[in-house]
Amino acid sequence: MSHHDERTFVMVKPDGVQRGLIGEVVSRLEGRGLKLVGAKFMRIDQDLAEEHYGEHADKPFFEDLVGFITAAPVFAMVWEGADATRQVRRMMGATDPAEAQPGTIRGDLGLDLGQNVIHGSDHEDEGANEREIALFFDDEELVNWDQSTEGWVYESA
Ligand code: GDP
Ligand code: MG
């Protein structure tokens, strides 16, 4: 079942937490058939924020972005499944919720680029998923487990 075990990093951002959307986001990912292997409700500090969003350090919105992501708790998660990184990105929709398709998380739950509910690792950035997982979780915080529904999600387990 090695092709079902790609892991990706996902988090409900401070706006999603404040708006009570943790359950909605988790529900969509669970419903898709992805498997939860780690989760943590936490506050991101300045250093972690700057490292997590390091690729945007020279962008004009960087200070606002770091301020936003540290302003309230987040719900950080690791999800596993076939092509998980890309599939979560498809479920998230476009970065700007105003442009995201209805049916996507951002397209259904957001209206503002700076407050777009969810983060997911970039599938076009090779290894971003593993780097982000390692940044937020220690190995022992991730749970290896067999989900009994797997045979009903994937044709060949
Ligand atoms: P993502 O991977 O879809 O989250 O998008 P990016 O990696 O390009 O940007 C990271 C986050 O920065 C986005 O989710 C937005 O919340 C924020 N962001 C991106 N572009 C802008 C911008 O032009 N202005 C502001 N205020 N925030 C932005
Ligand atoms: Mg990104």
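Which residues of α5 are buried? In this predicted model, the buried residues of that helix are Ala84, Thr85, Gln87, Val88, Arg89, Met91 and Met92, so that seven of the nine residues in α5 are buried and the helix is mostly covered.

A good place to begin looking is alanine 84, which belongs to helix α5, a stretch that covers residues 84-92. Alanine 84 counts as buried because 26 other C-beta atoms lie within 10 Å, where 20 or more are needed for a residue to be called buried. Once its neighbours within four places in sequence are set aside, the residues in contact with alanine 84 are Glu6, Arg7, Thr8, Leu34 and Trp79. Another way to place this residue is to look along the chain to alanine 100, which is 16 residues away in sequence, and to find that the two C-alpha atoms are separated by 19 Å.

Moving from one residue to the helix as a whole, the reader can trace what its buried residues pack against: the strands β1 (6-12), β3 (74-81) and β4 (118-120), together with the helices α2 (22-32), α6 (105-109) and α7 (128-136). Just after α5 comes glycine 93, whose phi is positive, at about 85°.

The last stop is ligand 1, which has around it the residues His56, Phe61, Asp64, Leu65, Thr95, Leu113, Gly114, Asn116, His119 and Asp122. Sorted by character, the residues of this shell divide into three that are nonpolar, five that are polar and two that are charged.

Notes. Residues are numbered from 1 along each chain as its sequence is written. Chains are lettered from A and ligands numbered from 1 in the order in which they are written. This is a predicted model: local features need pLDDT of at least 70, side-chain atom pairs count only at pLDDT 80 or more; totals for chains, interfaces and linings use all residues. Helices (H or I, at least four residues) and strands (E, at least two) are DSSP runs, numbered from the N terminus. A residue is buried if 20 or more other C-beta atoms lie within 10 Å of its own, exposed if 12 or fewer, and partly exposed in between; C-beta atoms are placed from the backbone. Two residues are in contact if their C-beta atoms, placed from the backbone, lie within 7 Å. A residue is near a molecule or strand if its C-beta atom, placed from the backbone, lies within 6 Å of it. Ala, Val, Leu, Ile, Met, Phe, Trp, Tyr, Cys and Pro count as nonpolar, Asp, Glu, Lys and Arg as charged, and the others, Gly among them, as polar.
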